[in-house]
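Hi,

Here is the structure I said I would pass on. Have a look when you get a minute, and then read my notes underneath.

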Amino acid sequence: MPPEITIFFVFVIAMFVQTSTGFGSALIAMSFLISLFGPDVARPLFAISFSSVAIVITYRYRHHLKFKKIWRIMLITIISIPIGVNIIPNLNPTITKAIFGAFVSGYALYSILGFKPARLQSTRWQWVAGILGGMVSGAFNTSGPVYIIYGDTQGWQPFEFKGNLQALFFTNSLLTTTNHFLAGNITSKVLSLWIYAVPGIIVGISLGFLMDRFIKPEPFRKVVLVLLFFSGISLIIP
């Protein structure tokens, strides 16, 4: 299958999952995009693709956003995202794929096994989540697992979970895209591939919003996690 067609279907699936469950688009898309184009293209390609629709998803869940619970995370990402953006170019592509694969499969296994972290009361954990989430967002566009684990420690309710996550994703995507632009990573090749991503994004989001009311989130999430686990393993094994 031509890479351009693959990009279309990757973004259909990724954005469908994002709008249905509230997270997961980066983990799915980046697993395939890194395999196809390597991290130098995959990272800025997904960044600009998600930035173009993050505001739409955030607006949908705006009534469930609890800003006072996440403002510290948003603030610290201004510092931590540039660190992630500028670390990856200095790494070997094979090592980069393995690190990302371990991250994806590790999170998937953690969630499949149903581990629940302890409740963290101190607000200092927001700073920790912001530093880690920002660095991972800058490096791989995949801050989701960090923020999801943090949200689990706070006992966020399902819709509050979605509202807070989308606001964090929106902030991260804008900052990550800006830093990729300043670093010169958004090349003509990235922009030419982005043209094929846009139709997939539109179709995926439309299907996700249409099917959102009919899909049971937890069973669907488990299927996604199993797929993510094997996607991560495929990146670790040469």
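What follows is what I found, going roughly helix by helix. Keep in mind that this is a predicted model.

Let me start with the core. The largest nonpolar core has 54 residues, and the members that touch the most others are Phe11, Met15, Leu33 and Phe46. Leaving aside residues up to four places away in sequence, Leu33 is in contact with Ile7, Phe11, Gly38, Ala42, Leu45 and Phe46. So two of the names from that short list, Phe11 and Phe46, turn up again as partners of Leu33. As general background, nonpolar side chains tend to be buried together in soluble globular proteins.

Leu33 is one of the buried residues of α2, so that helix is next. How does the span of α2 compare with what its 13 residues should give? Helix α2 covers residues 25-37, and at 1.5 Å a residue it should span 18 Å; the C-alpha atoms at its ends are 17 Å apart, which agrees. The helix is mostly covered, with 10 of its 13 residues buried. Among them are Ser25, Ala26, Leu27, Ile28, Ala29 and Met30, and also Ile34 and Phe37. Right after α2 comes Gly38, with a positive phi near 85 degrees. Gly38 is also one of the residues that Leu33 touches.

Now α1, which has an encounter with α8. The axes of α1 (residues 3-21) and α8 (residues 158-182) come within 10 Å and cross at roughly 135 degrees, and the two helices are therefore oblique to each other. On the α1 side the contact is made by Gln18, Thr19, Ser20 and Thr21, and on the α8 side by Lys162, Gln166 and Phe169. By type, the residues of this contact are 1 nonpolar, 5 polar and 1 charged.

Val12 also belongs to α1. Its relative accessible area is 13%, so Val12 is buried. Beyond residues up to four places away in sequence, Val12 touches Gly200, Val203, Gly204 and Leu207. The C-alpha atoms of Val12 and Phe214 are 18 Å apart, with their positions 202 residues apart along the chain.

Back in α8, have a look at Glu160. Is this residue buried or exposed? Glu160 has a relative accessible area of 12%, so it is buried. Setting aside residues up to four places away in sequence, its contacts are His64, Lys66 and Lys69. Lys66 comes up in one other place: its C-alpha atom is separated by 17 Å from that of Ser122, 56 residues apart along the chain. Ser122 is in the loop between α5 (93-112) and α6, and at 28% relative accessibility it counts as partly exposed.

On to the stretch around α7. Asn141 is in the loop between α6 (124-140) and α7. Its phi is positive, near 65 degrees, and the residue is not a glycine. For context, most residues other than glycine have a negative phi. Asn141 has 10% relative accessibility, so it counts as buried.

Helix α7 itself is mostly covered, with 9 of its 11 residues buried. The buried ones include Gly144, Pro145, Val146, Tyr147, Ile148 and Tyr150. Gln154 is in α7 too, a helix that runs over residues 144-154. With a relative accessibility of 16%, Gln154 counts as buried. Gln154 touches Arg119 and Leu120, not counting residues up to four places away in sequence. The C-alpha atoms of Gln154 and Asn164 are separated by 12 Å, and the two residues are 10 apart along the chain. After α7 comes Gly155, with a positive phi near 70 degrees.

Last one: Arg221, in helix α10 (residues 217-236). What does Arg221 touch, not counting residues up to four places away in sequence? The list is Phe23, Tyr107, Ser111 and Ile148, and Ile148 is one of the buried residues of α7. Arg221 is at 18% relative accessibility and so counts as buried. The C-alpha atoms of Arg221 and Ser111 are 9.6 Å apart, although 110 residues separate them along the chain.

That's it from me. Happy to go through any of this together.

Cheers

Definitions and conventions:
Residues numbered from 1 in each chain as written. Predicted model: local features only at pLDDT ≥ 70, side-chain atom pairs only at ≥ 80, totals over all residues. Heavy atoms only, no water. Core = buried A, V, L, I, M, F, W, Y, C linked by side-chain atoms within 4.5 Å. Buried < 20%, exposed > 50% of the residue type's maximum accessible area, 1.4 Å probe, protein only. Contact = heavy atoms within 4.5 Å. Axes fitted to C-alpha atoms, helices over the stretch in contact; angles between N-to-C directions. Helix = DSSP H or I, 4+ residues; strand = E, 2+ residues; numbered from the N terminus. Parallel < 35°, antiparallel > 145°, perpendicular 65-115°, else oblique. Nonpolar A, V, L, I, M, F, W, Y, C, P; charged D, E, K, R; others polar. Expected span 1.5 Å × (residues − 1).
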